[in-house]
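Let's talk through how some descriptive terms are earned here. Take a look at the model first.

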Amino acid sequence: MNSPVLTIDGPSGVGKGTVARVIAQQQGWHLLDSGAIYRAFALAVESRGISITDEKSLEEIATNLDLAFKTHADSELVSVFLDGKDVSKVLRTEETGEKASKIASIGVVRAALLKRQQDFATLPGLVADGRDMGTVVFANAPFKVYLTASADERANRRLKQLQAQGSKGIISQILVDVKARDERDSSRKHSPLKPAKDALIIDTTTLSLDEVIAQVSELVKA
Ligand code: C5P
């Protein structure tokens with residue numbers, strides 16, 4: 001690996017994406033939102049009407065996934081194009097997150113999406129967020145962070161995020177979804193959600209975004 005990589009892993013709703021984006025901007029590094037890849041893949045499988053037990057087709061779709069990310073100078077949002085179509089809005093829904101979480105537990109899918117993710121590690125550097133960035137995809141990364149927070153706090157953050165995107169959510173339902181996703185992502189056989197042994201673990205429950213960013217920033221500068 002020639003390029004420096006900062007991995008940011010953690011459960012859903014912890015704010016990894018926001019922290020990753022700010023640090024990438026500060027450092028002038030590339031950004032990999034690996035969850036977006038799993039989400040887009042889930043949409044691709046659904047739109048083709050493929051069963052999630054059909055591993056051969058899943059592998060083929062994952063290998064040939066036609067996916068592009070577009071950043072905007074005037075907005076923090078990144079547009080995501082699947083098969084040439086802008087899927088940014090549907091990509092971010094809880095429903096798509098749930099579908100992604102189910103399909104992300106399949107070993108052949110993870111293997112087929114591995115290189116695509118590793119290819120993001122180009123100079124001058126990369127900030128990669130997800131579940132297995134520090135444990136599997138960039139296991140040799142020099143900088144690793146694992147962000148966590150209570151499920152209640154994460155459900156609250158998720159609700160605010162949905163509202164900021166103009167979507168609606170019910171806090172009790174989001175909490176149920178967050179816990180279900182935690183359980184599935186942590187207990188799966190392939191690349192389960194867990195901190196890398198050499199990750200800096202930050203419990204963000206009572207921290208502000210700025211405080212979290214300051215800690216991560218210090219790690220990268222050190
Ligand atoms: O982070 P995000 O909520 O977008 O991820 C959606 C789902 O994709 C997660 O719940 C997880 O199951 C899966 N995922 C994964 N490995 C990653 C990133 C996401 O399994 N590196």
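Q: What makes the group with Phe41, Leu65, Leu82, Leu113 and Phe138 a nonpolar core?
A: A nonpolar core is a set of buried Ala, Val, Leu, Ile, Met, Phe, Trp, Tyr and Cys residues joined through side-chain atoms within 4.5 Å, where buried means under 20% relative accessible area (1.4 Å probe, protein chains only). The largest such core has 33 residues, and the five you name have the most contacts inside it. Its largest share, nine residues, comes from helix 2; helices and strands are DSSP runs numbered from the N terminus (helices H or I, at least four residues; strands E, at least two).

Do keep in mind that this is a predicted model: local features need pLDDT of at least 70 and side-chain atom pairs pLDDT 80 or more, while totals for chains, interfaces and linings use all residues. Residues are numbered from 1 along each chain as its sequence is written, and side-chain values use heavy atoms, leaving out hydrogens and water.

Q: How do you know that Ser34, at 3.0 Å, makes a polar contact with the ligand?
A: A polar contact is a pair of N or O atoms within 3.5 Å. A polar side-chain atom of Ser34 lies 3.0 Å from a ligand nitrogen, so the pair qualifies. Arg181, at 2.8 Å from a ligand oxygen, and Asp185, at 2.7 Å from a ligand oxygen, meet the cut-off too.

Q: Why are eight residues of the ligand shell called charged?
A: Because Asp, Glu, Lys and Arg count as charged, eight shell residues fall in that class, alongside four nonpolar and four polar ones. Helix 2 gives the most to this shell, with four residues.

Definitions and conventions
A polar contact is a pair of N or O atoms within 3.5 Å; within protein, one must be able to donate a hydrogen and the other to accept it, and residues adjacent in sequence count only if both atoms are side-chain atoms. Buried means under 20% relative accessible area, exposed over 50%, partly exposed in between (1.4 Å probe, protein chains only).
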